[in-house]
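Me: I have a protein model open and do not know how to read it. Can you take me through it, one feature at a time?
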Amino acid sequence: GGKSYSGGWNRVQASEVPAIILVRNGSVIPEIHLAQCTSTMDWSKLELHVFAKGASTAGGLVFLPGDAELHKLELQSKDGRFQLTNDPFAGRVTWKISDEEDR
């Protein structure tokens, strides 16, 4: 959990949960809260997990149900915390942003 690796081949060991997720530095991964059924998922509230160790900018893509295209998210670090520099959904989505300091 929370380790960084240089490019190329690396030996990576899983922790308690036998899974390994590799994320490129500077990436933003959206997450939605769990629901009993996909039809009850609240797409108006998303959490953005920022993986940008040592970087001042990060980005990712979001596609909401019913949309016709991917929307690009851009974030920038300000006072040690990442903030959206654009909101392609113009307030339709409430964002919670978590980064390395939150993990």
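Reply: Start with one term. Contact means heavy atoms within 4.5 Å. Keep in mind that this is a predicted model. Now try the term on Trp-95. Leave aside its neighbours within four places in sequence. Trp-95 is then in contact with Leu-46, Leu-48, Val-62, Leu-73, Leu-84, Asp-87 and Phe-89.

Me: Which secondary structure elements does the chain have?
Reply: It has six strands and zero helices. Read from the N terminus, the order is β-β-β-β-β-β. The C-alpha atoms fill a box of roughly 40 × 35 × 25 Å along the principal axes.

Me: How do I read a nonpolar core, and which residues of the largest one touch the most other members?
Reply: General idea: in soluble globular proteins, nonpolar side chains tend to be buried together. Here the largest nonpolar core has 15 residues. Leu-46, Val-50, Val-62, Leu-75 and Trp-95 touch the most other members. Strands S2 (45–51), S3 (57–62) and S4 (71–78) each supply at least two residues of this core. S2 gives the most, with three residues.

Me: What share of the residues in the chain is buried?
Reply: Of the 103 residues, 22% are buried. The cut-off for that word is under 20% relative accessible area. Look at the surface too. The chain exposes about 7800 Å², and carbon and sulfur atoms supply 52% of that area.

Me: Where do the side chains of S3 point?
Reply: General idea: in a regular strand the side chains alternate between the two faces of the sheet. S3 shows such alternation. Ala-58, Gly-60 and Val-62 point to one face and are buried. Thr-57, Gly-59 and Leu-61 point to the other face and are not buried.

Me: How many bridges join S3 to S4, and which way do the strands run?
Reply: Six bridges join them, and the two strands run antiparallel. Trace two of the pairs on the model. Val-62 has His-71 as its bridge partner in S4. Leu-61 stands opposite Lys-72 in S4.

Me: Is His-71 buried or exposed?
Reply: His-71 counts as buried because its relative accessible area is 15%, and the cut-off is under 20%. His-71 lies in strand S4. Now list its contacts, not counting residues up to four places away in sequence. His-71 touches Gly-60, Leu-61, Val-62, Pro-88 and Phe-89. Take Gly-60 from that list. Gly-60 and His-71 are eleven residues apart in sequence, and their C-alpha atoms are 8.4 Å apart.

Me: What separation in space do Gly-7 and Pro-18 have, C-alpha to C-alpha?
Reply: These two are also eleven residues apart along the chain, yet their C-alpha atoms are separated by 22 Å. Gly-7 sits in the segment before strand S1 (27–31). Gly-7 counts as exposed because its relative accessibility is 73%, and the cut-off is over 50%.

Me: How should I read contacts along the whole chain?
Reply: Look at how far apart in sequence the partners are. Take contacts between residues at least 6 apart in sequence. Among those, 41% join residues at least 24 apart.

Me: How many residues lie between the strands in the hairpin of S4 and S5?
Reply: Two residues lie between them. Four bridges join S4 to S5, and the strands run antiparallel. Lys-78 stands opposite Arg-81 in S5. Asp-79 lies in the loop between S4 and S5 (81–84).

Me: What is the phi of Asp-79?
Reply: Asp-79 has a positive phi of about 55 degrees, although it is not a glycine. Asp-79 is exposed, at 76% relative accessibility. Compare Ala-90, in the loop between S5 and S6 (94–98). Ala-90 is not a glycine either, and its phi is positive, about 45 degrees. Ala-90 is exposed, with a relative accessible area of 73%.

Me: What about charges? How many are positive and how many negative?
Reply: The chain has 11 positive and 13 negative charges. The mean positions of the two sets are 6 Å apart.

Terms used. Residues numbered from 1 in each chain as written. Predicted model: local features only at pLDDT ≥ 70, side-chain atom pairs only at ≥ 80, totals over all residues. Heavy atoms only, no water. Buried < 20%, exposed > 50% of the residue type's maximum accessible area, 1.4 Å probe, protein only. Areas by Shrake-Rupley, 256 points an atom, 1.4 Å probe, with all protein chains shown as cover. Lys, Arg positive; Asp, Glu negative; His and termini not counted. Charge placed at Lys NZ, Arg CZ, Asp CG, Glu CD. Core = buried A, V, L, I, M, F, W, Y, C linked by side-chain atoms within 4.5 Å. Pairing = 2+ DSSP bridges.
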